[in-house]
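Me: Please take a close look at the empty space enclosed in this model, and at whatever sits around it. I'd like the cut-offs spelled out as you go.

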Amino acid sequence: MTGAVLEVRGLAKSFGSVRAVKKADFTVRRGTITTFLGPNGAGKTTTLRAVLGFVTKNRGEVVVRASRVGFVPEQPVFFPWLQGLDLVRLTARLVRLLPDELERRMSDLAPQLHFDRGLLPRRAAAYSAGNRKKLAYLLALLTAPDLLIVDEPFSALDPPAIKDVRALFLALRDRGGTLLLSTHLIAEVERICDDFIVIREGVVVAQDNLARFLKTSNLGSEAGLEKVFFLFAG
Amino acid sequence: MSSRDWLAVTVRLAWLKTRAGRIWLIAPAALLAVVAFAWVRDSYDTAVKFFLGLFPYVFLFLGADMVRSEAESGALECGLFLGGRFREYLMLKGPFLAAVAAAISLLMFAGLTLAGLAAGRHPLPEAGRFGLGLVAGVYYTALAGLLSTRLRAGSNVLAVVVAQAAALLLVMFTVTSRTGLLNAMETGVWPDLKTRLEFMAAAALIPNLVLSRPLYIFSLELVALTVLAFFWQRAIIRRMELGRP
């Protein structure tokens, strides 16, 4: 345990009369991969959007102790008037990446993501769904975030890309980075997940370290993240 | 990330969008064509009058599609706009577009002045009207920005143009009962408060009217309305959340 990089206390968010998130309390430990689980409509995405500042929370507190936060949305959308290269340059400008360092990071990340740099002079909005997702990863990772938040990390990606992204997550964590992954694909994150958070009907109902929880719970030695999910959210 | 870095990114983004829209080229080109036509067919003075009467529309047309469509597109939900930075981007677009339109207008006015000097005429006495046109133009940008918090794509501009056309039709069909207002606009003498208020209402919809005499005192109304529209838009954007309806 090396301290919390993200603390969410008593978060609530409504859209009109719909209470999307009723009470979200959780922490994300530095240097971990935390999986945010919940059935459809449980409030995962709304919680993330409130944490990221895309929607305004009605109640609660969000404390981020990261100098740089990265975000990859479930289905990245880009302005139709921007090329991939524009987005790379804007991102680099935002974090003051010098050209040499930008090139070094691009040369490092693009092959890891199997992202074809030849696409960059084209309009990003016209990329395939998979390439849009890869570009979103590329942009987020270019900034070398110490907290990376990903909504549905594997959507639109093919199996080789899923494998590459999983490896990237592990590499980021090994360098001291922190990841918060919101996903339905439990099997894909099970092997890399350190901690889990479960949200159900807008309320965070469980949070723990996965290995510790499985050791102390009576789910059995064969149990995994899927059983944890069904235990709390099923 | 410093606020300076963020400002540079925001300005760059706004410029990329403006550049891609082509309206920053089309609107001045159309205005130039009208001015050239007026000069060729009539006189330099007529050309200057056309330019002064129409250049505030460059501000209006540049103000198409400023807020709502972008907020609903999903494109602002990315790493560039975390922590509510999308609001700063949306708020900065108005002043940025007004600055672009002012630069284009200034360039065109300078060109017209030089062309006039070459032809032995000069429109410098019209500099005051040009200043009033800039006030009207900035008001157009503020109005377009405010409307774009509700109206999608270019419908904010369309709404202004349609409202102006409707107002002109109304005046045409009721011209006999509006001779007081028309006379006052012609002479610059305002017989009563009602006429002044009528003109103020008309100028709020068609700000170019303040250039007609020129009517400097009424430009204060446009300045006040610009400030009001700007702060109203700002208040709406501060409460804005991202997401598709």
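Reply: Start with the lining of the largest cavity: ten nonpolar residues, no polar ones and no charged ones. (Nonpolar covers Ala, Val, Leu, Ile, Met, Phe, Trp, Tyr, Cys and Pro; charged covers Asp, Glu, Lys and Arg; the others, Gly among them, count as polar.) This is a predicted model, where local features need pLDDT of at least 70 and side-chain atom pairs count only at pLDDT 80 or more, while totals for chains, interfaces and linings use all residues. Residues are numbered from 1 along each chain as its sequence is written, chains are lettered from A and ligands numbered from 1 in the order written, and side-chain values use heavy atoms, leaving out hydrogens and water.

The largest cavity holds about 40 Å³ of space. A cavity here is a set of points, on a 1 Å grid over the protein atoms alone, where a 1.4 Å probe fits but cannot get out; a pocket is an open set with protein on both sides within 12 Å along at least five of seven lines, and lining residues have an atom within 4 Å of a point. Points are joined across faces, edges and corners, and the volume is the space filled by probe spheres set on them. Chain A gives A:Val77, A:Phe78, A:Phe79, A:Leu82 and A:Leu87 to this lining, and chain B gives B:Leu13, B:Ala75, B:Cys78, B:Leu80 and B:Phe81.

B:Leu13 turns up again where α1(B), residues 3-21, meets α6(B); elements are DSSP runs numbered from the N terminus, helices being H or I of at least four residues and strands E of at least two. On the α6(B) side, the contact (heavy atoms within 4.5 Å) includes B:Arg85, B:Tyr89 and B:Phe96. By class that contact has ten nonpolar, two polar and four charged residues. The two axes lie 9 Å apart at about 60°.

B:Arg85 also leads on to the largest pocket, being among the residues nearest its centre, along with A:Val69, B:Gly79, B:Leu82 and B:Gly83. This pocket has about 620 Å³ of space and 37 lining residues, split into 24 nonpolar, nine polar and four charged.

Back to enclosed space: the structure has two cavities of 30 Å³ or more. The second largest, about 30 Å³, is lined by B:Met91, B:Phe230, B:Gln233, B:Arg234 and B:Ile237. Helix α11 of chain B (216-239) supplies the largest share, four residues. This lining has three nonpolar, one polar and one charged residues.

Methods. Axes fitted to C-alpha atoms, helices over the stretch in contact; angles between N-to-C directions.
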